[in-house]
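Here is a structure to look at, followed by some questions about it. Please keep the sequence and the 3D view open while reading.

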Amino acid sequence: MDSASRSKRRPVGKAVKPPVGWIIGVDGGGSKTVAVVADDQGRIKGRGEAGTSNHHVVGWRAAFAAIAQAIGSANAEAGATKQRALSACVGIAGADSVKDQGHALAWLKRQGLADHNLVVNDGALLLGATGQQEGVAVVSGTGSIAWGRNTLGRHARSGGWGHLIGDEGSGYQLSIEAMRHTVTAADGREPWGPLPQAVLRFYGCKDPAGLLPLIYGPQVTKAELARLAPVVFRLAGRGDPLARRLVDDAAAALAALVKAVSRELGLRRPPLAFGGSLLVRQKALRDALLGHLRGSIGKVVVVRDPARGAVQLAREQIET
């Protein structure tokens, strides 16, 4: 066999096909904003993060700045800074109304980042990540909400009213309950036990009075207060009755959100998508929630990267 024949038979590596275009997906949560840039097949090529984009907490200007920062970082990592994306989907915590979503959509279009643009509540990203056409998404992180959709395209939500009048079953609410029990125990209104001791230890306080500037300080954020929640779960895992009751109360509150959405949409045994730092990281909360919903739900998926759901929804805009 001559050298020419050998060269013809030599394996040749497949040329890397450049993407036809980019897809932008954003998960704007209560604690942080995560943006990803994917190729036209949905493969993640870049990721960026910024602070919260919940406009109820920081206002629209700061929310948009966080989204822009996260997208900019993701674009830079993907090498997509000079190319207009095919489609972009942004899910924003607290953007539940048509007015809020319209305001955010108008801003997104003005940025000229993509040919197609979509703004949804962050709960919709969870269902997008599962590929389910109907079901209920439950978020429990800094805040909480349940959001659902049926096969007719109707959607409904329950919760998501913010930390002052809502956020049942959230990290913030669980932390506040732990601190309430700490100060009532300090007053002698209930026994002093492991939970109050753990709260003071977590904050490095010698006595409960030291909690006041940490709670009421002008720069203290909702997300910072919610950091106490894992302490409650650790104690619950060790069998502390008070911590276990607080975890079960949180699960019952989340179950009530799921049931309300299911009733509104006429869903029987709906699939569930779990999201948010607490539901993703705390198996005890997931198990307790499933216990409250036993027999009334279908398949359960834990969504660890909601930004991928945003990519899926963005891709669907191109395909339709």
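The questions below concern a predicted model and cover a cavity, a polar contact and two backbone angles.

Q: How many cavities of 30 Å³ or more does the structure hold, and how much space lies in the largest cavity?
A: A cavity is a set of points where a 1.4 Å probe fits but cannot get out. The structure holds one such cavity of 30 Å³ or more. The space in the largest cavity is about 40 Å³.

Q: Which elements each supply at least two residues of the lining of the largest cavity?
A: The lining consists of L127, T130, Q132, P271, L272, A273, K299 and V301. Helix α4 covers residues 122-130 and β9 covers 272-275. The elements that each give at least two lining residues are α4 and β9.

Q: By class, how many residues of the lining of the largest cavity are nonpolar, polar and charged?
A: The residues to be sorted include L127, Q132 and K299. Leu counts as nonpolar and Lys as charged, while Gln falls among the polar residues. Over the whole lining, the numbers are five nonpolar, two polar and one charged.

Q: Is S87 buried or exposed?
A: S87 sits in strand β4, residues 85-92. Leaving out residues up to four places away in sequence, S87 touches W22, I23, I24, A114, H116, A314, Q317 and I318. Its relative accessible area is 0%. Because buried means under 20%, S87 is buried.

Q: With which side chain does the side chain of S87 make a polar contact?
A: The partner lies in helix α13, residues 306-319. It has a relative accessible area of 17% and is therefore buried. Besides S87, the partner touches A88, H116, N117 and L118, not counting residues up to four places away in sequence. The two side chains are joined at 2.9 Å, and the partner is Q317.

Q: What is the phi of D167, and where is D167 found?
A: D167 is not a glycine, yet its phi is positive, at about 60 degrees. At 3% relative accessibility, D167 counts as buried. Its place is the loop between β8 (155-159) and α5 (171-186).

Q: Is R269 buried or exposed?
A: R269 is in the loop between α10 (241-265) and β9. Its phi is near 50 degrees, a positive value in a residue other than glycine. The relative accessible area of R269 is 51%. Exposed means over 50%, so R269 is exposed.

Key
Residues are numbered from 1 along each chain as its sequence is written. This is a predicted model: local features need pLDDT of at least 70, side-chain atom pairs count only at pLDDT 80 or more; totals for chains, interfaces and linings use all residues. Side-chain values use heavy atoms; hydrogens and water are left out. On a 1 Å grid over the protein atoms alone, a cavity is a set of points where a 1.4 Å probe fits but cannot get out, and a pocket is an open set with protein on both sides within 12 Å along at least five of seven lines; lining residues have an atom within 4 Å of a point. Grid points are joined across faces, edges and corners, and a volume is the space filled by probe spheres set on the points. Helices (H or I, at least four residues) and strands (E, at least two) are DSSP runs, numbered from the N terminus. Buried means under 20% relative accessible area, exposed over 50%, partly exposed in between (1.4 Å probe, protein chains only). A polar contact is a pair of N or O atoms within 3.5 Å; within protein, one must be able to donate a hydrogen and the other to accept it, and residues adjacent in sequence count only if both atoms are side-chain atoms. Contact means heavy atoms within 4.5 Å.
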